[in-house]
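Here is a short report for a reader meeting this structure for the first time. Look over the sequence and the model, then read on.

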There are 2 protein chains.
Amino acid sequence: MTYIAPTTEQLFVLKHVVDIDALTQHPRFAATDGDMVDAIVEGIAQFAQAEYAPIAKVGDTVGARWDQGVVRMPEGYRAAYDALVANGWGTIDGPQAFGGQGMPFALTTVVMEDLGSANAGFSLVNMLTMGAIEALDHHGSPQQQARWLPKLITGEWPGTMNLTEPQAGSDVGALRTTATPVGDGTYRIKGTKIYITFGDHDLSDNIVHLVLARTPGAPAGTKGISLFIVPKYRLDANGNPGAFNDVRCVSIEHKLGMHASPTCVLSFGDNDDCIGELIGAEMGGMRAMFTMMNNARLNVGNQGVQIAEAATQMALAYARDRIQTPRADGSSGASPVAIIEHPDVRRMLLRMIAQTQAGRALVYYAAGQVDRTRTGDAAAKVRLDLLTPLAKAHGTDIGCEVASIGVQVHGGMGFIEETGAARHYRDVRITPIYEGTNGIQAADLVGRKLSGDGGAGLAALIADMRAEAQDARLRALIDAADAVGQWMLATASVNDRLAGSYPFLTLLSTAVCGWLMERQGRIAATMLAQGEGDPAFLRGKQSAAAFYLSHIVPEAMGLKDSAMAGANLLYDAAL
Amino acid sequence: MTYIAPTTEQLFVLKHVVDIDALTQHPRFAATDGDMVDAIVEGIAQFAQAEYAPIAKVGDTVGARWDQGVVRMPEGYRAAYDALVANGWGTIDGPQAFGGQGMPFALTTVVMEDLGSANAGFSLVNMLTMGAIEALDHHGSPQQQARWLPKLITGEWPGTMNLTEPQAGSDVGALRTTATPVGDGTYRIKGTKIYITFGDHDLSDNIVHLVLARTPGAPAGTKGISLFIVPKYRLDANGNPGAFNDVRCVSIEHKLGMHASPTCVLSFGDNDDCIGELIGAEMGGMRAMFTMMNNARLNVGNQGVQIAEAATQMALAYARDRIQTPRADGSSGASPVAIIEHPDVRRMLLRMIAQTQAGRALVYYAAGQVDRTRTGDAAAKVRLDLLTPLAKAHGTDIGCEVASIGVQVHGGMGFIEETGAARHYRDVRITPIYEGTNGIQAADLVGRKLSGDGGAGLAALIADMRAEAQDARLRALIDAADAVGQWMLATASVNDRLAGSYPFLTLLSTAVCGWLMERQGRIAATMLAQGEGDPAFLRGKQSAAAFYLSHIVPEAMGLKDSAMAGANLLYDAAL
């Protein structure tokens with residue numbers, strides 16, 4: 001079973017959900033025209049299928065290995081990574097001043113989708129590098145940008161994000177890593193970081209660690225945190241990797257999935273010889289971190305979609321092949337049929353397809369808001385802020401659900417590792433956890449994102465959805481989202497809001513997905529009527545949209561009560 | 001983290017859901033009195049905690065190993081199994097004529113619960129043996145019963161079920177294993193079976209395989225299938241294991257979870273020297289198989305509950321320990337608190353507790369119907385038939401949901417294998433698949449179980465629920481279950497019924513669980529008011545029941561539309 005990138009679907013969503021045509025007419029994206037969009041979507045499909053997919057299995061079974069303080073990637077990974085760099089796939093949305101192509105983030109989203117569907121664990125190295133680029137682009141000095149950005153953008157030197165410490169997980173402010181001024185403007189870094197994705201590997205000649213640390217006398221909590229560039233090898237006078245910078249990988253984690261991605265414990269400055277450069281202002285670390293993490297949240301939401309897509313393709317192929325049992329309605333007589341002919345198997349497959357497309361629409365739509373924000377569109381910024389927790393949490397929830405159904409479609413074979421369905425089920429399980437757990441996303445939604453502007457952002461989204469939505473069930477769900485939002489703003493206590501945050505996030509996400517799916521189904525119908533486009537694809541889109549509206553939207557209505565149930569019940573319970 | 005059996009909860013459910021007191025007054029269960037019930041529940045708790053739980057981790061990490069045609073269990077397993085046999089835990093509900101204690105199946109359900117919560121993979125050996133006992137007890141000749149049942153009942157010789165072949169999974173009728181008469185009343189068995197749980201191991205001196213095979217000239221499909229006893233070692237004149245019976249374990253599967261349970265490919269008769277005895281009538285295999293499988297389905301539903309219980313205990317312990325972030329409502333000032341204090345973590349934990357208790361109530365309630373059926377209660381038989389697919393499918397769906405939330409509560413630690421949360425997430429994933437996939441359970445519900453008696457069984461269940469249910473949301477859900485059932489009986493085509501079968505199964509299961517949870521909450525309130533019982537336990541029960549009614553019942557209302565959406569949409573889609 002080989003992964004085939006869903007290029008027709010991707011281009012359709014770019015056109016009708018992102019409105020990429022309008023976007024690329026903005027001077028900010030002058031480098032990107034329509035042909036370029038097609039070329040990127042087709043090109044990354046070929047690349048991911050040819051270079052990333054074939055090594056996914058060895059990435060899972062052999063995985064990244066720790067060997068005497070060094071991490072070694074499985075066979076074929078260095079070559080595939082070199083090909084990625086050589087083909088310029090890292091540069092799509094990087095700033096043009098430093099060798100990037102300045103294309104829309106929505107296109108990077110397609111690039112990441114294909115890489116991740118083909119090889120979820122491996123694609124993390126690019127995701128982390130994007131965060132480092134973002135942080136340096138926004139907060140680095142011109143000298144720092146000139147020194148580090150070109151190699152980060154090509155991918156020659158991948159980046160990492162070093163936030164977590166054993167005592168500081170979601171509570172970043174509790175971190176203890178220290179940064180002591182040396183006197184020449186640099187800092188001596190000392191401390192231990194855990195859960196560092198691609199914290200060490202043999203894919204490249206250098207690694208650019210972005211590290212949160214505390215300067216002497218800094219206040220406790222998040223206010224006292226600064227961000228530093230800490231390379232694995234310090235640069236010599238010519239800007240080439242030179243002396244080892246005293247950053248060691250102490251161990252890597254034995255994880256449920258994502259085995260192609262080494263999750264490292266990194267020790268900085270064991271020999272007091274680890275030097276870092278401050279990025280931006282001292283104590284400005286949290287702001288820089290949020291820059292680094294915000295698009296990462298969309299990228300993780302995208303991972304949910306990526307794994308959902310891969311799981312769906314695998315399940316469809318199996319269900320078309322596997323012959324078992326005659327049709328219950330007698331239409332196949334005594335002849336057993338491919339299981340895809342059985343009603344409940346079709347229900348599972350159509351659910352996988354509909355949820356995957358819904359997740360993709362949500363993530364791409366949010367990615368389009370990143371681009372519009374870059375053009376200075378203030379409303380898009382508000383929309384993006386509101387959608388980011390939805391895309392991250394609901395995209396990854398969809399990934400988990402779809403990967404689990406994928407195992408189910410395979411029956412007993414799904415539980416056997418060789419089949420591959422179980423790999424998706426294992427890989428995807430980290431996505432609701434990292435880059436801010438989905439519970440934290442829900443808290444962000446009902447906290448900063450809802451109350452921060454007195455509900456104006458949500459009201460604008462609801463107005464947009466109401467202006468377009470036609471299906472009665474969808475309109476009822478939008479009304480429910482509105483009612484819950486109003487209740488949270490007007491009546492609910494902090495605890496009540498948080499108690500209902502997760503059901504509300506799912507309800508609102510489903511309304512947004514329903515809105516975007518209905519639109520796509522309507523456009524598909526029009527195109528079919530006018531004889532435009534690929535009829536098989538368009539009919540598939542209609543079916544997915546119809547399933548979403550008739551099954552998934554009504555289910556989400558059941559969340560309204562939970563969302564408004566309040567916190568008393570939770571605190572009455574003696575847990 | 002050690003597993004502690006929830007004995008207070010188990011006794012409460014036995015009393016108020018199973019009505020064990022009434023049951024044990026029946027002459028059929030004369031051997032069981034109230035003190036015996038307490039002794040069994042307390043005794044198996046101690047045994048499972050002391051013997052089964054400590055070796056669960058090595059069962060997962062080392063696992064059962066195939067070595068030159070023989071399966072070797074990890075260290076400690078033989079000793080633990082010997083202790084199980086020595087303590088008589090296998091004999092609880094076995095027939096008294098052959099050394100069993102003839103106690104209620106509801107008590108066996110408690111025994112299996114504790115063994116499975118402590119060590120899910122290991123407990124499968126007992127589950128399979130129970131099926132073999134059941135088949136022989138109902139279909140074996142007196143001589144066969146005398147020869148095989150005593151050792152099966154003690155567990156000295158574990159049993160297996162051999163149904164599946166590579167081309168015959170859910171479609172058992174497609175199997176090809178042959179049984180050729182030797183002339184002395186026995187049969188020569190030849191064929192390959194796959195997915196044979198505990199098909200080989202070093203726990204015992206013999207293994208009793210129950211094998212479905214086809215006799216010469218037998219008709220195609222399920223009608224031509226017969227059931228055979230095929231021991232690993234043939235019995236000598238004294239009834240002791242003697243000559244090797246030409247049954248080889250060719251390989252074991254590399255599985256997502258349940259690593260302590262060897263899943264074998266068994267080859268029968270490679271050297272034409274594998275001898276089997278026919279059980280019951282020739283061509284009567286399917287009937288015997290259903291006998292063997294029906295309680296197995298309840299036992300698998302129980303596995304969902306077992307793993308849910310273990311995952312919940314682990315998550316609670318972690319959430320009480322893990323200190324992270326101050327309370328959002330300001331009530332802890334700047335001091336970080338245990339994450340169990342945060343609203344959304346409480347929501348997750350209470351959901352785990354409520355779902356686990358709901359699944360337990362459903363499975364125990366169904367187990368009580370097994371016992372009432374044994375006393376000759378015809379209505380109980382109808383209820384049992386209706387509830388079996390619900391207990392199997394919804395119990396295991398609950399297991400999957402709760403184990404996944406368990407990973408989430410652990411945050412990043414949940415994805416690290418050493419933590420143990422991921423093991424539950426892996427182990428549980430087979431439970432919706434084996435013993436008839438959950439999709440097949442749903443088909444059974446809307447097919448044989450619903451239409452077989454023209455809806456009378458469902459109507460009786462709905463009447464019982466309506467007579468007791470008080471909560472408005474629960475009553476609405478019962479009405480919805482009734483409406484869907486009526487529609488399925490009166491209007492829906494075969495395909496429409498199957499298209500809605502899974503949503504209907506979940507909706508109806510939630511109604512049944514809601515009914516049983518509300519009852520328990522009401523009884524807990526009464527007991528608290530009267531100063532009876534353990535107040536901490538009773539308050540916990542009230543919280544779980546309240547959460548179930550306010551969160552989980554309303555969510556299930558959203559399934560009504562899906563259940564009645566019909567099949568057209570599924571077949572319009574070109575998959």
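The report goes from the whole chain to one annotated span and then to one residue.

**The whole chain**

The model is predicted. Chain A has 575 residues. Its fold contains 20 helices and 12 strands. The C-alpha trace spans about 80 × 55 × 55 Å along its principal axes. The radius of gyration of chain A is 24 Å, which agrees with the value near 25 Å for a compact globule of 575 residues. Some further values for chain A follow.

| Property of chain A | Value |
|---|---|
| Residues that count as buried | 65% of 575 residues |
| Contacts with a separation of 6 or more that join residues 24 or more positions apart | 74% |
| Exposed area | about 18500 Å² |
| Part of the exposed area supplied by carbon and sulfur atoms | 53% |

**The annotated span**

An unreviewed UniProt entry places the feature "domain: Acetyl-CoA dehydrogenase-like C-terminal" at residues 463-572 of chain A. This span is 85% helix and 0% strand. The C-alpha atoms at its two ends lie 37 Å apart.

**One residue: A:R383**

A:R383 sits in helix α11, which covers residues 378-409 of chain A. Is A:R383 buried or exposed? Its relative accessible area is 8%, under the 20% cut-off, so A:R383 counts as buried.

Which residues does A:R383 touch, leaving aside neighbours within four places in sequence? They are A:Y365, A:Q369, A:A460, A:L461, A:D464 and A:W515. With A:D464 there is a polar contact, side chain to side chain, at 3.0 Å.

Key. Residues numbered from 1 in each chain as written. Chains lettered and ligands numbered in written order. Predicted model: local features only at pLDDT ≥ 70, side-chain atom pairs only at ≥ 80, totals over all residues. Heavy atoms only, no water. UniProt positions renumbered as here; feature names shortened; annotations may be inferred. Helix = DSSP H or I, 4+ residues; strand = E, 2+ residues; numbered from the N terminus. Buried < 20%, exposed > 50% of the residue type's maximum accessible area, 1.4 Å probe, protein only. Polar contact = N/O pair within 3.5 Å; in protein donor to acceptor, adjacent residues only side chain to side chain. Contact = heavy atoms within 4.5 Å. Rg over C-alpha atoms; globule rule 2.2 N^0.38 Å. Areas by Shrake-Rupley, 256 points an atom, 1.4 Å probe, with all protein chains shown as cover.
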